[in-house]
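Student: I am new to this structure and would like a close look at one helix. Please take me slowly through that part, and then set a sheet from elsewhere in the chain beside it.

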Amino acid sequence: MPELPEVETTCRGIAPAVRSRRIDSVIVRQHRLRWPLPKTFAAQLEKQRILAVGRRAKYLVLQLERGSLIVHLGMSGSLRVLPTATAPLKHDHVDIALDSGQCLRFNDPRRFGSMHYTEDDPLQHALLKNLAPEPLGDEFHVEYLAKKTARRSVAIKQLLMNANLVVGVGNIYASEALFRAGVRPTRPARKVSRAELGKLVPAIKTVLNDAIRAGGTTLRDYVNADGTPGYFRQKLFVYERVGEPCRKCKTLIKQLTQGQRSTYYCPTCQQ
Ligand SMILES: [Zn+2]
């Protein structure tokens with residue numbers, strides 16, 4: 001599943017090719033995405049210029065002259081910039097053809113992705129308006145996390161992955177950030193000290209920023225925005241390293257299950 005860093009990477013990857021470009025035409029080959037695309041979808045976008053590309057949580061927001069296109073990559077979606085004449089492959093559901101001769105092509109085998117066009121403030125769209133703070137934003141700080149963890153007995157890792165608290169901290173990033181902060185993932189949130197939260201907040205920001213810099217982590221069906229295959233895998237300390245020696249202390253990494261998700265940690269470095 002594309003995580004926040006992959007979406008940010010896509011955002012940065014497509015921006016130079018689409019910014020200031022006019023949409024010549026929109027081809028919808030499959031309108032049944034997570035939510036069906038309305039029949040008016042193509043006409044709403046056509047002839048508008050793309051002014052900017054941004055991200056909110058795992059949504060890409062393309063700001064057009066009269067409205068905004070909100071895109072979610074779902075479980076398996078990708079957006080690539082290709083010459084418009086490139087023959088479509090299976091699962092290439094939508095092409096947004098630009099006046100540059102290139103198109104923004106949406107591929108999504110599992111069709112959990114979505115596209116919405118709105119002429120209202122996109123941040124007030126039903127999908128976006130109630131989202132929790134961005135982990136890389138200024139509003140995600142120690143005081144905020146301390147307030148959210150107080151009196152909560154749920155495990156700290158599960159709390160970090162709760163999108164009502166902070167958006168876009170997936171399993172990989174929660175696991176890696178807890179390692180860096182030296183906090184065991186199973187600790188009740190309220191028992192994590194202020195000093196530990198003070199390490200955890202920057203650790204979350206660091207692992208996400210590192211992943212963005214590396215172009216997203218490894219995902220089987222993720223494609224870079226410029227169409228290059230493959231991934232850069234950032235150096236992971238614990239995630240999917242069960243039984244391997246900790247990179248810091250050589251203790252073997254352990255695995256357990258929390259909320260149906262695998263958790264990895266070093267029993268020595270994380271207390
Ligand atoms: Zn260790």
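Tutor: Helices (H or I, at least four residues) and strands (E, at least two) are DSSP runs, numbered from the N terminus. The model is a predicted one, in which local features need pLDDT of at least 70 and side-chain atom pairs count only at pLDDT 80 or more, while totals for chains, interfaces and linings use all residues. Residues are numbered from 1 along each chain as its sequence is written, and side-chain values use heavy atoms, with hydrogens and water left out.

The helix to look at is α3, which covers residues 142-149, and after it comes R151, a residue with a positive phi near 65 degrees. Within α3, the buried residues are V142, Y144, L145, A146 and T149, where buried means under 20% relative accessible area, exposed over 50%, and partly exposed in between (1.4 Å probe, protein chains only). A146 counts as buried because its relative accessibility is 14%. Contact means heavy atoms within 4.5 Å, and once the neighbours within four places in sequence are set aside, A146 is in contact with R194 and L197. The cover over the buried residues of α3 includes α4 (156-160) and α6 (194-213). For a sense of distance, A146 and Q30 are 116 residues apart in sequence, and their C-alpha atoms lie 45 Å apart in space.

The sheet to set beside this helix is an open one of four strands, paired antiparallel in the order β1-β6-β7-β5, and two strands pair if DSSP finds at least two bridges between them. At its edges are β1 (23-28) and β5 (78-83), each of which pairs on one side only. Direction ignored, neighbouring strands in this sheet are turned by 20 degrees against each other on average; the axes are lines fitted to C-alpha atoms, for helices over the stretch in contact, and angles run from 0 to 180 degrees between N-to-C directions. Between β5 and β7 (residues 102-107), which run antiparallel, there are six bridges, and the bridge partner of L79 in β7 is F106. Another helix, α1 (residues 4-18), packs on this sheet and touches β5, β6 (92-98) and β7, with its direction at about 30 degrees to that of β5.
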